[in-house]
Amino acid sequence: IVTIIATGGTIASRAATEGGPVNAGIAGQALLDSLHERPDGIALRVEDFEAKGSYALDLATIHRLCQRIDAVLADPDVAGVVVTHGTDTMEESAYLADLLVTSPKPVVFTGAQRHAGVPDTDGPRNIADAIRCAAHPALVGQGAVILFEGDIHAARDVAKTHTSRVDAFRSAGLGKLGEVDAGDVHIYRHRLMRSVLTTDRLDDGVEILLLGLGASPALLNFCLTMGASGVVLAAFGRGNAPQGFADSAKRLIDAGIPVVVASRCGEGRTLPVYGGDSGGRTLEQSGVIFAGSLQPVKARLLLSVLLGRHSDMPFMRQSF
């Protein structure tokens, strides 16, 4: 059995009037009924979670979704779960599922770029392929994945890279896990390691700042006065920042607020190399945590999980 959990998004949306705004609201069973053909030999169940555009979701909602996924997968008859979801934040929800869902069974996120009200919507094919992935034994133990336009991507690595094309998702530098071709699932690589964390809550006080040429640390300073619980800097290259950021970061860290440095680049790892005012070495001396190859938006999620479970600084560094 594969269970489909419907959360809304473009795949579950249509315009009420021609040219009007597009809103989510199509139930999971209606999505299942829209399939051009159902995968053979796979029994299906459907349940509705919350029908919203993914831009309107929050951390507490996705935490509940992850708990629901685990509860569904606890049924020994269920081989895997498909989550239909909006594409705007799909990579973030999938990554939280990768971190929080304890079951090794497949969790497959999918959606659509063309809403259900247009004749060439990509939703039905994506759902059918996602069902095939959720039932496939080769994806056991691989954590949460995204299935889109036939490609299978690890949730940790994938990002939405195009606003509107149906092949919007890419795993830059690392590549996809596999693909679905003519109804057959092909796996080309496996993840070597997956870490699972348990927590009763996610800390929603983590802020993320995108750095640009000559940016001022004023917003980072404001994070201290506003009571942010953590900050992620989407920094330059290997993990460098404009002048003044190292001193500001140290003030936050001295106050018990962790600062994580990720790279705004699409590929590669952070590494403290450069000195001077707010180069990576100077940031390291200030006490920041470097995010490795983790993208900034996902570094924020990992920090939210770690703070929610009251992890100490050594464990946070180890986790990143």
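Which residue stands opposite Val 81 in β5? The residue that stands opposite Val 81 in β5 is Thr 3, and this pair is a good place to enter the sheet. The model is a predicted one, in which local features need pLDDT of at least 70 and side-chain atom pairs count only at pLDDT 80 or more, while totals for chains, interfaces and linings use all residues. Residues are numbered from 1 along each chain as its sequence is written, and side-chain values use heavy atoms, with hydrogens and water left out.

Strands (E, at least two residues) and helices (H or I, at least four residues) are DSSP runs numbered from the N terminus, and two strands pair if DSSP finds at least two bridges between them. Strands of a sheet pair through backbone hydrogen bonds, either parallel or antiparallel. Here an open sheet of eight strands, with mixed pairing, follows the order β4-β1-β5-β6-β7-β8-β11-β12. Its edge strands, each pairing on one side only, are β4 (44-48) and β12 (184-187).

Some of the pairings in this sheet are set out below.

| Strands | Sense | Bridges | Opposite residues |
|---|---|---|---|
| β1 and β5 | parallel | five bridges | Thr 3 and Val 81 |
| β5 and β6 | parallel | four bridges | Val 83 and Phe 109 |
| β6 and β7 | parallel | three bridges | Phe 109 and Ile 146 |
| β11 and β12 | antiparallel | four bridges | Glu 179 and His 186 |

Two of these strands can be described through burial, where buried means under 20% relative accessible area, exposed means over 50%, and partly exposed lies in between (1.4 Å probe, protein chains only). Strand β5 (residues 80-84) is largely enclosed by the rest of the structure, because five of its five residues are buried. Gly 80, Val 82 and Thr 84 lie on one side of β5 and Val 81 and Val 83 on the other, and all of them are buried. In a regular strand the side chains alternate between the two faces of the sheet. In β7, Ala 144, Ile 146 and Phe 148 point one way while Val 145 and Leu 147 point the other way, and all are buried.

Phe 148 also belongs to the one aromatic pair that a search of the whole structure finds. Its partner is Phe 169, and the pair is tilted, with 5.0 Å centre to centre and 55 degrees between the planes; rings of Phe, Tyr and Trp (its six-membered ring) pair if their centres lie within 6.5 Å, and planes under 30 degrees apart count as stacked, over 60 as edge-to-face and the rest as tilted. Because Phe 148 lies in strand β7 and Phe 169 in strand β10 (residues 169-170), the pair ties together parts that are 21 residues apart in sequence.

Asp 151 is found in strand β8 (residues 151-154), and its relative accessibility of 15% means that Asp 151 counts as buried. The side chain of Asp 151 makes a polar contact with the side chain of Lys 176 at 2.9 Å; such a contact is a pair of N or O atoms within 3.5 Å, and within protein one must be able to donate a hydrogen and the other to accept it, while residues adjacent in sequence count only if both atoms are side-chain atoms.
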